[in-house]
Amino acid sequence: MFDYARINEIVNSMKRANTLKELEENLKVYDGSEDDILYLGKFCLEGYIALNYVGHQSFSKNFENKVPGLSFIFSKESSSIIENALSFELNKPYENCRGLQFLYLSKIFYESIKVNKRDIKFLFSNYQLLLLWASLLNEPEISLKEKGEDLFDDIQGAISKSCSGSFETMDEKLKADVIAFYLMSFYFNLIYYDFDEGEKVLKRAMEIGCFNVEFVGVLGKRTKFQDSNIAQLVTNCVLKEKTFNDDEYCVKNNLDRPTNVLLNDDTLLETVYTAEKHEEGMLSSLQTACLLAFAYFERKTQFMDELQAEKLSSLYNRVLSSSEKSWAAICTALVERSILEKNSRRRVERSCSQIEVIAKLLDGIDDKTSDEDKYHRIKLVTPSGMSPFWKIKMCHAEILVSLGCVSEALGIYESFKAYDYVIDCYRVLKQAEKAESLVRDLLSKNENPLYYCYLGDITLQPSYYEKAITISGDKSSRAHKSLGELLINRNDYENAYKHLKRSVELQPIQLGTWFNLGHCAWKTENYQDAVNAYHRCVSLEPEHYQAWNNLSAAYIRLGQKERAQKILEEALKFCFDDVKMWENYLFVCIDNGDLRSAIKAYHRILDVGEGKDILDNECLEIICTEVNKLPKNNNVRSDLLRLMARITSKVSINANVWRVYAALKKPEFGNVDINIGSQQLTTEYSSYIKLLERCVLANKFKGKEWLENVGNCIDVLSDLIALREAKLTFAQLSQDLNITRLKSQVNFDLEVLIKKIIKVHGKLNGCLSADSDDEDDNVFDIESKKELFEILLSASKLVE
């Protein structure tokens, strides 16, 4: 519980201060115990968390009344100084947060520590301060990240020193603090989209936390009308013997649990019902926090498809069913579940109700828990990744908009001065004039660069963005970004590139801006800059498959096709069902000569492209030609044969497909006389002839106008010549006594076709005589027509 009496005693022992500046000066010359200063810093930090994360609304009032020696921090002058001290130029802390004074006090108290700078408890608390500060800013601040990295290294050294390099010898309570620290480091890294480092520290936390996560299938039901049990996805936590003591991270009141709003759907069950009892061990508070961090990492780094949604749902259900004293973890799980369910038609109402319950809880509404019990909620807040009250309310407003309750959402956005969203709501309500009036009223009171950006968003006039850039001293990344996006819409890619580049120079961590920068670089044919921009984009948003796809295209333009293929493989992890992307991957694989991957891509195109015209005859021909150069026993040939069998089972009237299949199955042998009577060769030729016959038959489905196309004539004539040759060879191999009659029949079929073609396209010396209806020799490509006449000449000689 908050010990105001001790705080008041410590403050009274210091030289009296009436301003923040005097307080900082007093701390520099303070000769008392540093433990007292550490206690002050921790007390203020916990107070800030209590106000913004656990619904302890009375903390500020109690502090002001019971610690009068620091009451000056609540003055307007102090508030202005504190806001500037916690800001980085235009990157300011969220103005509606509660108790910003306490975060600042904690900061100056910790900065005054000299002797105990290497104390591990102090380092943990200082890292928590950095995490809360970074979470408070409107945009990620790079200088804070650098401080966090230095502090992380110091803590790692202190951890190694405390356990002599082995966690087995570490104190159980200290080990729990180490797990909490790694979880805080995980969330700190994800603020800056450093997913690699975040994954590393999460693995460390789970390893020390003595458990692992796996997904298993069990028989069960998920609807009220389901008769039979089918496989359901559930989370299984593999628990090991617990070697840490995290009792300090538990709430003391077992009844202190946020309300879990029921679904109450007429079809869906509340949770998956399993046919067999699926035993689940209870998770400790920090193990629950680790499981939440694992789910958060999955949500941030994986493409959100149906399977991913099922995984996340099973993770949240596991948290809710196995944690008794983890108030912050349960709150976080309910909020995350609400975010997941907001796009589900059957669950969106529960999502809205649930997040409203949590929002009220953080405002102290409908919460009968005593202040003493609320204090015990604080410890697990940062390790569980819990969001502050304003972010939860913003999520609530977003869900209200999706439900069509725009006016209710507008009220929430206005209360938080989230004017970006206020403008969007007015647009949805078709009241843009109200949005403009609001912004102009704001500008009349304060000429803020951000307000000019809002005015530019409403009016789509670049002059307002230029004004914002001017009055900010060219420091507004928002103005440059918005102006760049406006110029993209007007196809002015060169100037858009300049503004977007300046925007990312001012603020490197921006979602969407790097993608637009890459797009402008591509349009201006600056492919190396496009590569750099798309690389930065996918480092911030690994699931952004369009950026991966565009990055691959840029590498192709730079002549690095092998690298482009690897990039596309990464993109396909996040969008496995995108036909267009699989086609791009197919083309790159063919260019790189990776036939096995090309065949795999074709299979996937067939899987996801049902009912679409997805056959690329040219690709099939190239693959077949290259495979025919390989030995007969090569595995790639077998893979291609399976692909062709699958394609022909779906497409029966495409002559090109049958032609390629026949070319692949064509038997190879030397002298016919030597192989006469060979059963294997006879069988192979029989299959080859059937494929050619299907090809010739498919040609008849090209329509009545096929003769007018030179390319079609070449294909049909070539197919019939190949079929004639195959039938005669087969007759020889099988020692057919009627070979003369067979020859006459195939010659007759060929002769009929020749006459039809000559009638349309004219005759050539050496061809069978006939009149031509083709009066314009320039209608067709000369080279193609020359090829046709050469084939006609060869065919004519065969039938003479």
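In the predicted model, K107 counts as buried, because its relative accessibility of 12% falls under the 20% limit for that class. This lysine has its place in helix α6, which comprises residues 100–111. When residues up to four places away in sequence are not counted, K107 touches L86, L129 and W133. The surroundings of K107 thus include a tryptophan, W133, alongside the leucines L86 and L129.

At the level of the whole protein chain, the secondary structure consists of 37 helices and three strands. The C-alpha trace spans about 120 × 65 × 55 Å along its principal axes. The radius of gyration is 36 Å, whereas a compact globule of 800 residues would have a value near 28 Å. Of the 800 residues, 50% count as buried. The chain exposes about 38900 Å², and carbon and sulfur atoms supply 47% of this area. Among contacts between residues at least 6 apart in sequence, 67% join residues at least 24 apart.

The three strands form an open sheet in the order β2-β1-β3, with antiparallel pairing. Strands β2 (230–239) and β3 (268–274) stand at the edges and have a single partner strand each, so one side of each is left without a neighbour in the sheet. From one strand to the next, the twist averages 45°. Helix α11 (residues 285–301) packs on this sheet, where it touches β1 and β2, and the direction of α11 makes about 75° with that of β1.

Pairing within the sheet was examined strand by strand. Strands β1 and β2 run antiparallel and are joined by 10 bridges. These two strands form a hairpin, with six residues between them. Two of the residue pairs can be specified: F211 has L239 in β2 as its bridge partner, and N212 is bridged to V238 in β2. On the other side of the pairing scheme, β1 (residues 211–223) and β3 also run antiparallel, and three bridges join them. Here G220 stands opposite T274 in β3, while the bridge partner of K221 is Y273, likewise in β3. In general, the strands of a sheet pair through backbone hydrogen bonds, in either a parallel or an antiparallel manner.

Residue L233 offers a local view of the edge strand β2, in which it has its place. At 24% relative accessibility, L233 counts as partly exposed, because this value lies between the limits of 20% for buried and 50% for exposed residues. Leaving aside neighbours within four places in sequence, L233 is in contact with F215, V216, L307, E310, K311 and S314. Residues L233 and V335 are separated by 102 residues in sequence and by 21 Å in space, C-alpha to C-alpha.

A second partly exposed position is V357, with a relative accessibility of 29%. This valine lies in helix α14, which covers residues 348–362. Apart from neighbours within four places in sequence, V357 is in contact with T259 and V261. The C-alpha atoms of V357 and L334 are 9.9 Å apart in space, the two residues being 23 apart in sequence.

Packing between helices is illustrated by α26 (residues 545–557) and α27 (residues 561–574), whose axes are 8 Å apart and meet at an angle of about 170°. The two helices are therefore roughly antiparallel, since the angle is over the 145 degrees that set this class. On the α26 side, the residues involved are Y545, W548, N549, L551, S552, Y555 and I556. Their counterparts in α27 are K561, R563, A564, I567, L568, E570, A571 and F574. The contact surface of this helix pair accordingly draws on aromatic residues from both helices, among them W548 of α26 and F574 of α27.

Conventions:
Residues numbered from 1 in each chain as written. Predicted model: local features only at pLDDT ≥ 70, side-chain atom pairs only at ≥ 80, totals over all residues. Heavy atoms only, no water. Pairing = 2+ DSSP bridges. Helix = DSSP H or I, 4+ residues; strand = E, 2+ residues; numbered from the N terminus. Axes fitted to C-alpha atoms, helices over the stretch in contact; angles between N-to-C directions. Contact = heavy atoms within 4.5 Å. Buried < 20%, exposed > 50% of the residue type's maximum accessible area, 1.4 Å probe, protein only. Rg over C-alpha atoms; globule rule 2.2 N^0.38 Å. Areas by Shrake-Rupley, 256 points an atom, 1.4 Å probe, with all protein chains shown as cover. Parallel < 35°, antiparallel > 145°, perpendicular 65-115°, else oblique.
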